[in-house]
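These are some comments for a colleague who has the coordinates open. They are arranged as numbered points, each meant to be checked against the model.

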Amino acid sequence: MVERGITRSDVIRTILEGEVIRDYPNDTPCPSALFLNFVASRPIHVVAAYNEISQITHIITAYQPSLDLFMNDFKTKRTL
């Protein structure tokens, strides 16, 4: 995250205020989701998994989506 210029605050805001754009309910060991939020007009994607037993959210990755891979809405993947 540090190398990508994404702060802990950016990640938390993305999970709390962002939109779930992909849901992965069958991921193991915990279901996960891809979140999108715009922090200071910058698109941020966060993949997080939630463990219901421990009630802990695990951050898998956080990155700025590329227009090479996503359409202008940053939700829709381009077909390559």
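1. Phenylalanine 74, in this predicted model, has a relative accessibility of 13% and therefore counts as buried, the limit for that class being under 20%. The residue lies in the segment after β4, the strand that spans residues 56–63. Phenylalanine 74 is also one of the members of a second, separate core of 5 residues, which includes Ile21, Leu34 and Val47 as well.

2. A search of the whole structure for aromatic pairs returns 1. Its two rings belong to phenylalanine 38 and phenylalanine 74, with centres 6.1 Å apart and planes at 70°, so the arrangement is classed as edge-to-face, a label that applies to angles over 60 degrees. The pair ties together distant parts of the chain, since phenylalanine 38 sits in strand β2 (residues 32–39) and phenylalanine 74 is 36 residues away from it in sequence. Phenylalanine 38 has a relative accessibility of 42% and so counts as partly exposed, whereas its partner, phenylalanine 74, is buried at 13%.

3. Leucine 67 is also placed in the segment after β4, and at 42% relative accessibility it counts as partly exposed. With neighbours within four places in sequence set aside, the contacts of leucine 67 are Asn72, Phe74 and Arg78. For arginine 78, which is 11 residues from leucine 67 along the chain, the separation between the two C-alpha atoms is 8.5 Å.

4. Which residues make up the largest nonpolar core? There are 9 in all, namely Ile6, Val11, Ala33, Phe35, Val39, Ile44, Val46, Ala48 and Ala62. Strands β2 and β3 (42–51) each contribute at least two residues to this core. In soluble globular proteins, nonpolar side chains tend to be buried together. One member that can be followed in detail is isoleucine 44, which, when residues up to four places away in sequence are not counted, touches Ile6, Thr14, Phe35, Leu36, Asn37, Val39, Tyr63 and Pro65.

5. Serine 32 deserves a separate look: it belongs to strand β2 and counts as buried, with a relative accessibility of 6%. Its side chain is joined to that of aspartate 27 by a polar contact of 2.4 Å. Apart from neighbours within four places in sequence, serine 32 is in contact with Asp23, Tyr24, Pro25, Asp27, Ala48 and Ala49; among these, Ala48 is a member of the largest nonpolar core.

6. For the chain as a whole, the secondary structure consists of 1 helix and 4 strands, which follow the pattern α-β-β-β-β when read along the sequence. The radius of gyration is 13 Å, close to the 12 Å that the globule rule gives for 80 residues, so the chain is as compact as a globular protein of that length. Taken along the principal axes, the C-alpha atoms fill a box of roughly 35 × 30 × 20 Å.

7. Finally, on burial and contacts, buried residues account for 30% of the 80 residues in the chain. The chain exposes about 5,600 Å², of which carbon and sulfur atoms supply 54%. Of the contacts with a separation of 6 or more, 29% are between residues 24 or more positions apart, and the phenylalanine 38 and phenylalanine 74 pair, at 36 residues apart, gives a concrete case of such a link between distant parts of the chain.

How values were computed: Residues are numbered from 1 along each chain as its sequence is written. Side-chain values use heavy atoms; hydrogens and water are left out. Rings of Phe, Tyr and Trp (its six-membered ring) pair if their centres lie within 6.5 Å; planes under 30 degrees apart count as stacked, over 60 as edge-to-face and the rest as tilted. Buried means under 20% relative accessible area, exposed over 50%, partly exposed in between (1.4 Å probe, protein chains only). A polar contact is a pair of N or O atoms within 3.5 Å; within protein, one must be able to donate a hydrogen and the other to accept it, and residues adjacent in sequence count only if both atoms are side-chain atoms. Contact means heavy atoms within 4.5 Å. A nonpolar core is a set of buried Ala, Val, Leu, Ile, Met, Phe, Trp, Tyr and Cys residues joined through side-chain atoms within 4.5 Å. The radius of gyration is taken over C-alpha atoms; the globule rule is 2.2 Å times the number of residues to the power 0.38. Accessible areas come from the Shrake-Rupley method with a 1.4 Å probe; for residues, only the protein chains shown count as cover.
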